[in-house]
Amino acid sequence: MDQILRTIRESAAAEGVTRVKTVALVVGRRSGALPDALRFAFEVLTGARDGAGDEAGDSAAEDGSPDGSAGDETARLFRGARLVIEEPPVRCRCCRCGLEYGEDDGDAATNWALLCPRCGAGAPEFISGRELRVDFYEGE
Amino acid sequence: MKIKLARDILKANDQLADGFRRRLSELGVLSVNLIGSPGSGKTSLLERTLENLGDLRAAVIEGDIATALDAERIERKGAPAVQVNTEGACHLDANMVIDAAEELDLARLDLLFVENVGNLVCPAGWDLGEDLKVVVASVTEGDEKPRKYPAIFERAAACVLNKVDLLPHVDFDLERFKRDAGVLNPDMTVMLLSAKEGTGVPEWVDWLKTKLAEKRSR
């Protein structure tokens, strides 16, 4: 999440954006990243948890983050920003028979490895579900 | 104002890794990223490997959350080792590996091993500039590892199944393990090995030599 905010901070500086309102991510269901963990990190890093009476958060707001000015700058730029996460489902194409299928299309015997529900082949090509990217942000 | 970025989050890491891989390729060094649970025997495998490499020159970058114990074990085998302490992080990233490699004379190497932090989950997603990922599993961990941690098995060029000397004493269904691993990744080579007794080590070293020769002939 630190990397995501740094990417946006660099772009915002180039675009003259001083206040970010929305951050939109695409996190596929087999990307390995957890949307809830990303939301939590976003709240911590943008200072959204400071107002909740959290003691550590309050002192961090007063004393500045351990990172120094970069943390302050991040909190200022993203104050009140909303995080939107799109979670594309898994879609695969069978390497043997070409069938397109999702992670729930088979049964318990095949789903664990995303085996093709028609011919049983493994190691499919991923059409979607492995995305992990910043889509866009909105600001002014 | 809406600004479209469409940027991969791991791109910064992947670019660093690609640059490092190119540098290693120019030097003819084969790099291997060893990934496995804590206690699967990654360091023991490396110790055995170093004893059996013959003329090949190898170095090891050791990733651990804390301590330099593993680097000390490698150095006792006469190979250069650099310890990276991640101080809490559950995996190495490309930047850490590139920094550590500064301590090594890469031009004098044939093989660079990176022993990742003991973890079957997070390291799978981080490119360290390696040519090959190798997953190290052991029979004491149970035979369901491919089912539980498919991501690393999908991406690995080989799986070393360690501690096979203990097979008679543990409930480990070898056929099930091999079948599941093969379903996830039909191209992955599975090697049975005992770092303790040395069985399977020659086959593993031959596999490394073959991969090195393939890389240099490209």
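In the predicted model, B:Ile35 lies in strand S2 of chain B and has a relative accessible area of 0%, so this residue is buried. Setting aside neighbours up to four places away in sequence, the contacts of B:Ile35 comprise B:Lys42, B:Asn116, B:Asn119, B:Pro123, B:Ala124, B:Lys133, B:Val134, B:Val135, B:Val136 and B:Ile152. A further relation in space links B:Ile35 to B:Val117: the two residues are separated by 82 positions in sequence, yet their C-alpha atoms are 7.4 Å apart.

The loop that connects strand S2 (30–36) with helix H2 of chain B contains B:Ser40. This serine is likewise assigned to the buried class, because its relative accessible area is 0%, and the threshold for that class is under 20%. The side chain of B:Ser40 approaches the backbone oxygen of B:Ser37 to 2.9 Å. Beyond four places in sequence, B:Ser40 is in contact with B:Val136, B:Ala137, B:Ser138, B:Glu141, B:Asn162 and B:Lys163. B:Val136 is thus listed among the contacts of B:Ser40 and also among those of B:Ile35.

A charged residue, B:Glu130, occupies the loop between strand S5 (111–115) and strand S6 (132–138) of chain B. Its relative accessible area is 8%, and B:Glu130 is therefore buried. Two polar contacts of its side chain were identified: one with the side chain of B:Lys133, at 2.6 Å, and one with the side chain of B:Asn33, at 3.4 Å. When residues up to four places away in sequence are excluded, B:Glu130 touches B:Arg21, B:Ser31, B:Val32 and B:Asn33. B:Asn33 accordingly appears both as a polar partner of B:Glu130 and in this set of contacts. B:Lys133, the other polar partner of B:Glu130, is also in contact with B:Ile35.

The packing of helices in chain B is illustrated by H2 (residues 42–51) and H8 (residues 201–217), whose axes lie 10 Å apart and form an angle of about 75°. The two helices are therefore roughly perpendicular to each other. On the side of H2(B), the contact is formed by B:Leu45, B:Arg48 and B:Thr49, while H8(B) contributes B:Val201, B:Trp204, B:Val205 and B:Leu208. By residue class, this contact consists of 5 nonpolar residues, 1 polar residue and 1 charged residue.

Backbone geometry in chain B was also examined. Most residues other than glycine have a negative phi. Against this background, B:Thr67 is not a glycine but has a positive phi of about 75°. B:Thr67 is placed in the loop between strand S3 (58–64) and helix H3 (69–75) of chain B, and its relative accessible area of 40% makes this residue partly exposed. B:Glu87 is another non-glycine residue with a positive phi, here of about 50°. The loop between strand S4 (81–85) and helix H4 (94–101) of chain B holds B:Glu87, which is classed as exposed because its relative accessibility is 73%.

Chain A contains 5 helices and 6 strands, arranged along the sequence as α-β-α-α-α-β-β-β-α-β-β. Of its 140 residues, 41% are buried. Among contacts in chain A between residues separated by at least 6 positions in sequence, 72% involve partners at least 24 apart.

Within chain A, helix H2 (residues 35–45) has A:Pro35, A:Leu38 and A:Phe42 as buried residues. Viewed down the axis of H2(A), the buried residues fall within an arc of 60°, so they line one face of the helix. They pack against helix H1 (2–15), strand S1 (20–27) and strand S2 (82–86) of chain A. H2(A) is followed by A:Gly47, which has a positive phi near 80°.

The loop between S1 and H2 of chain A includes A:Ala33. With a relative accessibility of 23%, A:Ala33 is partly exposed. Neighbours within four places in sequence aside, A:Ala33 contacts A:Val27, A:Leu38 and A:Leu132. A:Leu38, one of these contacts, is also one of the buried residues of H2(A). A:Leu132 is 99 residues from A:Ala33 along the chain, with a C-alpha separation of 7.7 Å.

Terms used. Residues numbered from 1 in each chain as written. Chains lettered and ligands numbered in written order. Predicted model: local features only at pLDDT ≥ 70, side-chain atom pairs only at ≥ 80, totals over all residues. Heavy atoms only, no water. Axes fitted to C-alpha atoms, helices over the stretch in contact; angles between N-to-C directions. Helix = DSSP H or I, 4+ residues; strand = E, 2+ residues; numbered from the N terminus. Parallel < 35°, antiparallel > 145°, perpendicular 65-115°, else oblique. Contact = heavy atoms within 4.5 Å. Nonpolar A, V, L, I, M, F, W, Y, C, P; charged D, E, K, R; others polar. Buried < 20%, exposed > 50% of the residue type's maximum accessible area, 1.4 Å probe, protein only. Polar contact = N/O pair within 3.5 Å; in protein donor to acceptor, adjacent residues only side chain to side chain. Arc of directions from axis to C-beta.
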